[in-house]
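Biologist: Before we discuss this model, could you take me through the reasoning behind the labels, setting each value against its criterion?

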Amino acid sequence: QVQFVESGGGWVQPGGSLRLSCPASRNIFSTFTIGWYYQPPGKERELVAWISPAGGTVYADFVQGRFTISRDNAKSTVYLQMNNLKPEDTAVYYCKRPAYDDWGQGTQVTVST
């Protein structure tokens, strides 16, 4: 079992930036792909981005060029740098291993004027 604790969310105006952090309870990054997911109000959770053990990255079309996923193996932490935020990015953001049910509490991101 692995626990993730997401943080870094908050309120930001359109066009602003936030950096989300997600430390894991143990260092698994050399073994597992880690993904960031989001859940907008009233909608299902969707994949935003993921990073593989080899460092390869995949992004959802709606965040291409705006969000960057990265990790710090020494800190067992995955990050999501979010730039040029839009109101439609408003959601609770989670990190987890794809295909595993290790959802955390998430961190709320609100983009509005």
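Biologist: Why is Tyr 38 called buried?

Modeller: In this predicted model, Tyr 38 has a relative accessibility of 8%, and since buried means under 20%, Tyr 38 counts as buried. Tyr 93, at 0% relative accessibility, counts as buried by the same cut-off.

Biologist: What makes the rings of Tyr 38 and Tyr 93 a tilted pair?

Modeller: Their centres are 5.6 Å apart, and rings pair if the centres lie within 6.5 Å. The planes stand at 50°, whereas stacked requires under 30 degrees and edge-to-face requires over 60, so the pair is tilted. Because Tyr 38 lies in strand E3 and Tyr 93 in strand E8, the pair ties together parts that are 55 residues apart in sequence.

Biologist: What makes the pair of Tyr 94 and Trp 103 edge-to-face?

Modeller: The ring centres of Tyr 94 and Trp 103 are 5.4 Å apart, and the planes are at 85°; as edge-to-face begins over 60 degrees, the pair is edge-to-face. Tyr 94 is buried, with a relative accessible area of 8%, whereas Trp 103, at 28% relative accessibility, counts as partly exposed, because 28% is neither under 20% nor over 50%. Ring pairs also link Tyr 37 with Tyr 94 and Trp 103 into a cluster, and the count of aromatic pairs comes to 5.

Biologist: How do you know that charges sit over the ring of Trp 103, and which residues supply them?

Modeller: The charged end of Arg 45 sits over the ring of Trp 103, 4.1 Å from its centre, and Lys 96 lies over the face of Trp 103 at 4.9 Å from the ring centre. The distance cut-off is within 6 Å, and both values satisfy it.

Biologist: Why is the contact between Arg 66 and Asp 89 called a salt bridge?

Modeller: The closest N and O atoms of Arg 66 and Asp 89 are 2.7 Å apart, and because the criterion asks for a nitrogen within 4 Å of a carboxyl oxygen, the pair qualifies as a salt bridge. The pair links distant parts of the chain, with Arg 66 in the loop between strand E5 and E6 and Asp 89 in the loop between E7 and strand E8, 23 residues apart.

Biologist: Are the two partners, Arg 66 and Asp 89, buried or exposed?

Modeller: Arg 66 is buried, with a relative accessible area of 8%, and Asp 89 is buried, with a relative accessible area of 0%.

Biologist: How many salt bridges does the structure hold, and what makes the contact of Asp 102 with Arg 97 one of them?

Modeller: The structure holds 2 salt bridges. In the pair of Asp 102 and Arg 97 the closest N and O atoms are 2.6 Å apart, which is within the 4 Å that the criterion allows. Here too the partners are buried, Asp 102 with a relative accessible area of 4% and Arg 97 at 5% relative accessibility.

Biologist: Why is strand E7 described as largely enclosed by the rest of the structure?

Modeller: Of the 6 residues of E7, 5 are buried, so E7 is largely enclosed by the rest of the structure. E7 also stands in the middle of the order E2-E7-E6 in an open, antiparallel sheet of 3 strands.

Biologist: What makes E2 and E6 the edge strands?

Modeller: Strand E2 (18-23) and strand E6 (67-72) each pair on one side only. Neighbouring strands of this sheet are turned by 15° against each other on average, direction ignored.

Biologist: How do you know that E7 pairs with both of them?

Modeller: Pairing calls for at least two bridges, while 6 bridges join E6 to E7 and 6 bridges join E2 to E7. Within these pairings, Arg 71 stands opposite Val 78, and Thr 77 in E7 faces Asp 72 as well as Pro 23. The hairpin of E6 and E7 has 4 residues between the strands, and there Ser 76 takes a positive phi near 50°.

Biologist: Which residues touch the most other members of the largest nonpolar core?

Modeller: Among the 29 residues of that core, they are Trp 36, Val 48, Leu 80, Met 82 and Tyr 93. The elements that give two or more residues to this core are E2, E3, E4, E6, E7, E8 and E9.

Note on methods. Residues are numbered from 1 along each chain as its sequence is written. This is a predicted model: local features need pLDDT of at least 70, side-chain atom pairs count only at pLDDT 80 or more; totals for chains, interfaces and linings use all residues. Side-chain values use heavy atoms; hydrogens and water are left out. Axes are lines fitted to C-alpha atoms, for helices over the stretch in contact, and angles run from 0 to 180 degrees between N-to-C directions. A salt bridge is a side-chain nitrogen of Lys or Arg within 4 Å of a carboxyl oxygen of Asp or Glu. Buried means under 20% relative accessible area, exposed over 50%, partly exposed in between (1.4 Å probe, protein chains only). A nonpolar core is a set of buried Ala, Val, Leu, Ile, Met, Phe, Trp, Tyr and Cys residues joined through side-chain atoms within 4.5 Å. Rings of Phe, Tyr and Trp (its six-membered ring) pair if their centres lie within 6.5 Å; planes under 30 degrees apart count as stacked, over 60 as edge-to-face and the rest as tilted. A charge sits over a ring if NZ of Lys or CZ of Arg is within 6 Å of the ring centre and within 35 degrees of the ring normal.
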